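Visitor: Got a minute to go through a model with me? I'd like to look at its pockets and its sheet.

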Amino acid sequence: MQNSGTLEHANLSVTQIDRLANLLCDMLGWHVRWRGPHHLGGETAHVGSADCYVSLYWREDVTGDYSKGQPLNHLGLQVADLDAAEAVVTAHGLTPYSHGTYEPGPRSFYFFDWDGIDF
């Protein structure tokens with residue numbers, strides 16, 4: 001029998017937790033599920049829904065100097081209203097790009113956050 005799995009969380013190192021947490025909450029209707037000190041120093045916030053979350057990790061030595069593909073290619077998020085999500089991204093001062101429809105998925109766009117993480 002094959003296991004059925006889901007993605008519980010992804011962990012991203014960021015230079016400012018609140019900035020990305022606010023964007024994810026505004027765009028996805030998520031909330032900060034937990035926030036506190038990290039055992040390696042710095043701070044972590046779990047931002048998400050009851051079913052999944054993104055862990056945002058900050059420590060003084062996090063530079064946020066990422067290029068596409070490092071530390072990851074992109075993080076895909078699904079929303080009910082793509083136009084409304086794009087308006088939130090733009091309102092947060094970010095620039096959507098690469099609008100399209102790709103097999104097997106629906107209509108989409110991408111954007112880089114302030115640290116260069118691609119969504």
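Guide: We can take the pockets, then one residue, then the sheet.

Guide: This is a predicted model, so local features need pLDDT of at least 70 and side-chain atom pairs count only at pLDDT 80 or more, while totals for chains, interfaces and linings use all residues. Residues are numbered from 1 along each chain as its sequence is written, and side-chain values use heavy atoms, with hydrogens and water left out.

Visitor: What volume does the largest pocket have?

Guide: About 450 Å³. A pocket here is an open set of points on a 1 Å grid over the protein atoms alone, where a 1.4 Å probe fits, with protein on both sides within 12 Å along at least five of seven lines. The volume is the space filled by probe spheres set on the points, which are joined across faces, edges and corners.

Visitor: Which residues lie nearest its centre?

Guide: L77, Q78, R107, S108 and F109, out of 20 that line the largest pocket; a lining residue has an atom within 4 Å of a point. The elements giving two or more residues to that lining are α2 and β6 (107–110). Helices (H or I, at least four residues) and strands (E, at least two) are DSSP runs, numbered from the N terminus.

Visitor: And what classes are in the lining of the largest pocket?

Guide: There are 13 nonpolar, 5 polar and 2 charged residues. Ala, Val, Leu, Ile, Met, Phe, Trp, Tyr, Cys and Pro count as nonpolar, Asp, Glu, Lys and Arg as charged, and the others, Gly among them, as polar.

Visitor: Back to Q78. Is Q78 buried or exposed?

Guide: Exposed, with a relative accessible area of 73%. The cut-offs are under 20% for buried and over 50% for exposed, partly exposed in between (1.4 Å probe, protein chains only). Q78 sits in the loop between β4 (53–58) and α2 (82–91).

Visitor: How far apart in space are Q78 and S108?

Guide: 8.9 Å, C-alpha to C-alpha, with their positions 30 residues apart in sequence.

Visitor: New topic. What is the strand order in the open sheet?

Guide: The order is β1-β4-β3-β2, with mixed pairing. Two strands pair if DSSP finds at least two bridges between them. The edge strands are β1 and β2 (31–37), each pairing on one side only.

Visitor: How many bridges join β3 to β4?

Guide: 6, and strand β3 (residues 43–48) runs antiparallel to β4. As one example, V47 has V54 in β4 as its bridge partner.
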